[in-house]
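Welcome! Let us look at a protein together and learn how to read its features one at a time.

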Amino acid sequence: MRRIDKYEAPDKLLDDRVILISGVTEGIGRALAAKCAALGATIVLLGRKVPRLESLHDEIIEAGGPRPGIVPFNLETTEWAEYEKITDVLGDEYGRLDGLVHCGGILGELSPIEHHDPYLWYRVLQVNLNAPFLITRACMPLLRKSADPSVVFVSSTVGRKGRAHWGAYSVSKFAIEGLAQVLADETENIPIRVNTVNPGATRTKLRRAAFPAEDAGQSAQPGEVLAPFLYFLGPDSRGVSYSSADSQP
Ligand SMILES: NC(=O)c1ccc[n+]([C@@H]2O[C@H](COP(=O)([O-])OP(=O)(O)OC[C@H]3O[C@@H](n4cnc5c(N)ncnc54)[C@H](OP(=O)(O)O)[C@@H]3O)[C@@H](O)[C@H]2O)c1
């Protein structure tokens with residue numbers, strides 16, 4: 001495969017596409033939502049902090065992007081039966097979904113398994129694994145209505161090789177890779193592509209929680225890790241499923 005960490009998105013790459021992104025109130029999800037809108041996509045902004053969703057909504061419009069949708073949604077506490085309502089709202093408004101990116105995530109804690117807080121373990125798996133599963137499951141009928149649908153899960157270096165103390169976070173990312181592989185295999189004969197991206201060390205709230213003493217200069221800015229996401233969302237990746245890409249070398 002080409003070096004997609006260097007992929008340069010052409011203007012209007014995502015024109016007329018409808019893309020749902022979770023975790024857009026902060027970090028990589030926020031940067032990705034703004035960039036996708038700048039490339040022409042109508043973004044459905046999913047997050048739990050309404051004022052931050054509204055400020056991003058306004059920023060996108062002020063920058064000349066298509067009017068985004070807003071879905072206030074808590075990935076940790078929402079009952080699974082409620083997920084179907086996302087589909088109802090999006091179906092009525094847009095009739096289809098061309099892209100789905102799961103940027104919402106939490107770290108939990110860095111701790112040996114022996115001392116890992118069980119409650120935090122459940123919370124991390126709920127936000128990082130169960131919620132992406134439930135959103136994807138609910139959105140499949142709308143993805144099937146698109147001419148070129150793409151699902152992107154967000155992985156991590158510790159989702160490909162286990163590392164001491166990364167506990168539930170690491171396990172959730174291994175499971176995301178598994179979920180992506182299973183879904184890619186199931187959709188082999190229909191045009192839905194399913195891929196994962198590991199953004200690598202990126203300066204965000206989550207990264208600061210994991211490495212509070214790290215120098216700001218040692219990790220990338222959220223806007224610098226978007227290339228593989230854009231590649232997978234746009235038409236240049238047609239037929240590419242399942243691949244596991246990195247944003248940084
Ligand atoms: N940063 C890195 O170095 C790095 C490396 C590898 C992988 N990743 C992955 O990249 C993805 C994005 O992370 P990030 O680094 O951009 O972290 P971040 O800045 O902390 O952003 C995480 C996003 O998830 C949202 N979120 C968390 N819990 C939620 C909940 N219960 N309901 C709704 N939204 C919730 C946050 O919203 P709130 O504002 O409401 O908390 C925020 O918008 C994650 O999957 C992470 O695992 C990051």
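**Reading the fold, step by step**

Q: Where should I begin with the whole chain, and what share of the residues is buried?

A: Keep in mind that this is a predicted model. A good start is to ask how much of the chain is hidden from solvent, with buried meaning under 20% relative accessible area. Here, buried residues make up 52% of the 249 in the protein chain.

Q: How many helices and strands are there, and what pattern do they follow along the sequence?

A: Count the elements, then read them in order. The protein chain has 7 helices and 7 strands. Their order is β-α-β-α-β-α-β-α-β-α-β-α-α-β, and the last strand, β7, covers residues 244-246.

Q: What does the radius of gyration of the protein chain say?

A: Compare the value with the one for a compact globule. For 249 residues that would be near 18 Å, and the protein chain has 17 Å, so the two agree. For the outline, the C-alpha trace spans about 50 × 40 × 40 Å along its principal axes.

Q: What share of the contacts joins residues 24 or more positions apart?

A: Look at contacts with a sequence separation of 6 or more, and ask how many bridge a long stretch of chain. In the protein chain, 73% of them are between residues 24 or more positions apart.

Q: How do I read the surface and the charges?

A: Take the surface as an area, and the charges as two mean positions. The accessible surface of the protein chain is about 11,800 Å², and carbon and sulfur atoms account for 50% of it. The chain carries 27 positive and 31 negative charges, whose mean positions lie 3 Å apart.

Q: Could we study one helix? Which residues of α1 are buried, and what do they pack against?

A: Check its length, then its buried face, then its neighbours. Helix α1 runs over residues 27-38 and reaches 17 Å from first to last C-alpha, close to the expected 16 Å. Its buried residues are Gly27, Ile28, Gly29, Arg30, Leu32, Ala33, Cys36 and Ala37. The elements they pack against are strands β1, β2 and β4 together with helices α2 and α7. After α1 comes Gly40, with a positive phi near 105°.

Q: Where does Ser244 lie, and which residues does Ser244 touch?

A: Place a residue in its element first, then look at its cover and its partners. Ser244 lies in strand β7. Ser244 counts as partly exposed because its relative accessibility is 32%, and that class runs from 20% to 50%. Leaving out residues up to four places away in sequence, Ser244 touches Arg160, Glu177 and Thr196. Leu226 is 18 residues from Ser244 in sequence, and their C-alpha atoms are 14 Å apart.

Q: What backbone angles deserve a second look?

A: Most residues other than glycine have a negative phi, and most peptide bonds are trans. Exceptions are therefore worth noting against that general rule. Lys12 is not a glycine, yet its phi is positive, about 65°. Asp16 also has a positive phi, near 70°.

Q: Are Lys12 and Asp16 buried or exposed?

A: Lys12 is exposed, with a relative accessible area of 60%. Asp16 is exposed too, at 62%. Lys12 sits in the segment before β1, and Asp16 is in that segment as well.

Q: Which peptide bond is cis?

A: Look for an omega near 0°. The bond from Ser241 to Tyr242 is cis by this sign, and Tyr242 is in the loop between α7 and β7.

Note on methods:
Residues are numbered from 1 along each chain as its sequence is written. This is a predicted model: local features need pLDDT of at least 70, side-chain atom pairs count only at pLDDT 80 or more; totals for chains, interfaces and linings use all residues. Side-chain values use heavy atoms; hydrogens and water are left out. Helices (H or I, at least four residues) and strands (E, at least two) are DSSP runs, numbered from the N terminus. The radius of gyration is taken over C-alpha atoms; the globule rule is 2.2 Å times the number of residues to the power 0.38. Buried means under 20% relative accessible area, exposed over 50%, partly exposed in between (1.4 Å probe, protein chains only). Contact means heavy atoms within 4.5 Å. Accessible areas come from the Shrake-Rupley method with a 1.4 Å probe; for residues, only the protein chains shown count as cover. Lys and Arg count as positive and Asp and Glu as negative; His and the chain ends are not counted. The place of a charge is taken as NZ of Lys, CZ of Arg, CG of Asp or CD of Glu. The expected span of a helix is 1.5 Å times one less than its number of residues.
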